[in-house]
Amino acid sequence: MRLAVRGPILSVVICVSGFAVGQARPFPGPDVQQIYQRLLPQIEKIPAFDHHAHPGYSDDPDVDAMAAPPDASAALRTRDDNPELAAAAKALFGYPYTDLSPEHAKWLLDKKTELKKQLAGTAYFNTILDKLNIESSVANRAMMPDYLDPKRFPWVFFADSFMWPFNNEHESARNPDEGVFIPLQEKMLRRWMQQENVTKLPARFNDYLEFIVRVFDDNQKKGGIAMKFEVAYFRPTTFTDPTRQQADDIYQQYASGGTPSEKDYRTFQDFIFRFLVNLGGRLNIPVHIHTAVGIGDYFNLSQSNIMNLESVLRDPRYASTTFVMIHGGYPLEREAIWLAAMKNVYLDSSFGELAQYPAAFKETLKMWLETFPDKITFGTDCFPYNQVLGAEESYWLGAESSRTALAAALAEMVSENEITEARALELAHAYLHDTAVKLYGGRVH
Ligand SMILES: [Zn+2]
């Protein structure tokens with residue numbers, strides 16, 4: 001409709017902005033492989049900004065504010081017997097074997113130990129980023145360690161724990177996964193209290209909210225660039241809109257003891273969640289939200305799917321808050337991309353590239369690139385699984401999968417007459433680096 005109004009200027013605009021002239025076709029041509037071969041090396045040369053990752057050593061408990069429940073099911077490609085992880089170790093460390101049997105894995109362990117000695121302090125992980133051509137990587141961690149260089153690993157801190165200040169017996173007892181997750185939220189809240197020299201929950205609700213603001217101010221001073229919610233793991237992501245008085249009444253009743261009913265607890269949490277979202281707008285701290293399936297057999301996808309957040313995301317009261325939908329709603333990424341119609345909503349593709357093989361992830365990226373290409377960002381979701389399979393191999397798998405799937409998606413779009421190769425490279429720069437970096441107003445690069 002808008003195009004028709006523009007009339008004669010349209011064809012000029014199309015040529016100048018680099019779109020292919022002519023009609024798009026429904027199949028790629030025989031040139032698609034060649035286009036892919038041309039694009040891939042150029043895409044590999046683009047220094048990336050990893051918008052979601054958990055870098056760190058496997059014995060570092062601060063790589064996340066929660067932990068995987070024991071014996072959780074893992075999707076095929078994310079199991080630790082995935083042979084691609086041996087390819088990762090080969091690419092990064094010259095690993096000479098094709099499997100990760102315990103005898104062979106020892107080689108890898110020794111190699112890493114030796115390298116960590118050679119590359120002391122922050123040099124080890126900086127070198128990993130260099131090898132993968134990642135300029136900077138978000139560190140979504142409970143706290144930052146001294147072995148990650150803050151210039152290359154900007155901190156994204158966790159905000160969930162402020163929603164669990166009361167007695168959590170009922171919350172932890174809901175299922176075995178919550179029995180692991182909720183105590184870790186309590187621990188995180190205690191750490192924020194320690195940080196602010198608060199020994200017990202303030203008696204007044206107003207003082208509790210002020211304590212939260214102080215944590216955010218201090219985290220920002222410590223280099224925190226964004227807040228992250230993993231709330232989908234702990235409760236449904238449908239948020240009602242209670243008044244401050246309602247939350248205050250519940251706080252007064254339970255701050256000093258007693259176990260709130262589930263209904264009261266949710267009402268209180270709904271208020272705190274909206275308070276934090278608002279605070280993110282006020283302090284210019286983007287809000288990252290986990291929006292995919294999650295680890296743990298009890299993760300409830302229908303109660304925690306990304307579309308539950310729609311009423312919050314499309315609420316004009318939060319127009320000054322920047323939202324990043326971590327993991328892009330996977331496996332609902334097709335619906336999720338339409339949330340990016342909101343000017344302040346972005347989608348991160350991390351985990352999609354690990355849960356799916358590149359052939360399938362290519363389809364995700366292509367559909368996103370064809371809808372809101374200026375609203376999508378790259379992330380690896382790297383994580384140290386164990387001593388052998390570290391954040392290093394996981395970085396490699398995420399970066400390689402994303403770059404190859406991106407090159408393939410763009411090659412098809414070029415071959416199908418949707419865009420030119422020049423435009424394809426602009427879109428690659430935006431996805432791998434520029435779009436995310438712009439969200440932080442010069443604080444990252
Ligand atoms: Zn993550």
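The following legends accompany views of a predicted model, from the whole chain to its largest cavity.

**View 1. Overall dimensions of the predicted chain**. The C-alpha atoms occupy a box of roughly 70 × 65 × 35 Å, taken along the principal axes. For 445 residues, a compact globule would have a radius of gyration near 22 Å; the value for this chain is 23 Å, which agrees with that expectation.

**View 2. Secondary structure and contacts of the chain**. The fold comprises 18 helices and nine strands. Among contacts in the chain with a separation of 6 or more, 77% join residues 24 or more positions apart.

**View 3. Burial and exposed surface.** Of the 445 residues, 56% count as buried, that is, under 20% relative accessible area. The chain exposes about 19200 Å². Carbon and sulfur atoms contribute 56% of this exposed area.

**View 4. The cavity found in the whole structure**. A search of the whole structure identifies one cavity of 30 Å³ or more. The largest cavity encloses about 30 Å³ of space.

**View 5. Residues that line the largest cavity**. The lining is formed by His327, Gly328, Tyr330, Glu333, Ser349, Gly352, Gln356, Phe361, Thr364 and Trp368. By class, these residues divide into three nonpolar, six polar and one charged. Glu333 is the charged residue of this lining, while Tyr330, Phe361 and Trp368 are its nonpolar members.

**View 6. Contribution of helix H16 to the cavity lining**. Helix H16 spans residues 358-369 and supplies three residues, the largest share of the lining of the largest cavity. The lining residues within the span of helix H16 are Phe361, Thr364 and Trp368.

Technical notes
Residues numbered from 1 in each chain as written. Predicted model: local features only at pLDDT ≥ 70, side-chain atom pairs only at ≥ 80, totals over all residues. Heavy atoms only, no water. 1 Å grid on protein atoms, 1.4 Å probe; cavity = no way out; pocket = protein on both sides within 12 Å on 5 of 7 lines; lining within 4 Å. Points joined across faces, edges and corners; volume = space filled by probe spheres on them. Helix = DSSP H or I, 4+ residues; strand = E, 2+ residues; numbered from the N terminus. Rg over C-alpha atoms; globule rule 2.2 N^0.38 Å. Buried < 20%, exposed > 50% of the residue type's maximum accessible area, 1.4 Å probe, protein only. Contact = heavy atoms within 4.5 Å. Areas by Shrake-Rupley, 256 points an atom, 1.4 Å probe, with all protein chains shown as cover.
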